[in-house]
Amino acid sequence: MGWVDAIAQSDLPDGSREVVELGGHSILLIHEGDRIYAVASACPHMGAPLEKGTIRDGTIVCYRHHSAFDLETGDVQEWSPWPPVVGPVVLSRMSRKKVLPVYATKVEEGRIWVDLPDTP
Ligand code: FES
């Protein structure tokens, strides 16, 4: 699919996040300092909305079972560590460990663009 116009830069001020639907993908845009991240909006563990997550040291932590993903690469930093015992022993096995899809972004002429793959 390639580069897709997502949102006006002014609609995503520093510290904010926004979910947009683009070409069959639900994308969470995050503006943190000088970075604009675009990641899948659903947690790869059990689908919780990541816009409710916490951003910490370059990762996003899902509010539900605290899985953590690198915002740059999507790599799993932690997989379902919450709640204690039940999270790591039971819930972590309900879904295979999966990276968070991440997408390249760019800003041109006051618009944020996201580089999307061909298939959702
Ligand atoms: S749904 Fe996100 S960690 Fe379980």
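**Close-up views of a predicted model**

**View 1. Strands β2 and β3 pair in the antiparallel sense.** β2 covers residues 17–22, β3 covers residues 25–32, and 6 bridges link the two. This is a predicted model. Glu18 has Leu29 in β3 as its bridge partner. The two strands form a hairpin, with 2 residues between them. Gly23 sits in that turn and has a positive phi of about 55°. In a regular strand, side chains alternate between the two faces of the sheet.

**View 2. β3 also pairs with strand β4.** β4 spans residues 35–40. Its pairing with β3 is antiparallel and runs over 6 bridges. His31 stands opposite Ile36 of β4. β3 and β4 form a hairpin, again with 2 residues between the strands. The turn holds Gly33, with a positive phi of about 65°. β3 thus has antiparallel pairings with β2 and with β4.

**View 3. An open sheet of 3 strands has the order β1-β11-β10.** The pairing in this sheet is antiparallel. Its edge strands are β1 (residues 2–8) and β10 (residues 105–108). Each of these edge strands pairs on one side only. On average, neighbouring strands of the sheet are turned by 35° against each other, direction ignored.

**View 4. β1 and β11 run antiparallel within the open sheet.** β11 comprises residues 111–116, and 6 bridges join this strand to β1. Which residue of β11 is the bridge partner of Ile7? The partner is Ile112. β11 stands between β1 and β10 in the strand order.

**View 5. The protein chain contains 1 helix and 11 strands.** Along the sequence, the pattern reads β-β-β-β-β-β-β-β-α-β-β-β. The radius of gyration is 15 Å, close to the 14 Å given by the globule rule for 120 residues, so the chain is as compact as a globular protein of that length. Along the principal axes, the C-alpha atoms fill a box of roughly 50 × 30 × 20 Å.

**View 6. Burial and contacts are shown for the protein chain.** Of its 120 residues, 28% are buried. Among contacts with a separation of 6 or more, 39% involve residues 24 or more positions apart.

Note on methods:
Residues are numbered from 1 along each chain as its sequence is written. This is a predicted model: local features need pLDDT of at least 70, side-chain atom pairs count only at pLDDT 80 or more; totals for chains, interfaces and linings use all residues. Two strands pair if DSSP finds at least two bridges between them. Helices (H or I, at least four residues) and strands (E, at least two) are DSSP runs, numbered from the N terminus. Axes are lines fitted to C-alpha atoms, for helices over the stretch in contact, and angles run from 0 to 180 degrees between N-to-C directions. The radius of gyration is taken over C-alpha atoms; the globule rule is 2.2 Å times the number of residues to the power 0.38. A residue is buried if 20 or more other C-beta atoms lie within 10 Å of its own, exposed if 12 or fewer, and partly exposed in between; C-beta atoms are placed from the backbone. Two residues are in contact if their C-beta atoms, placed from the backbone, lie within 7 Å.
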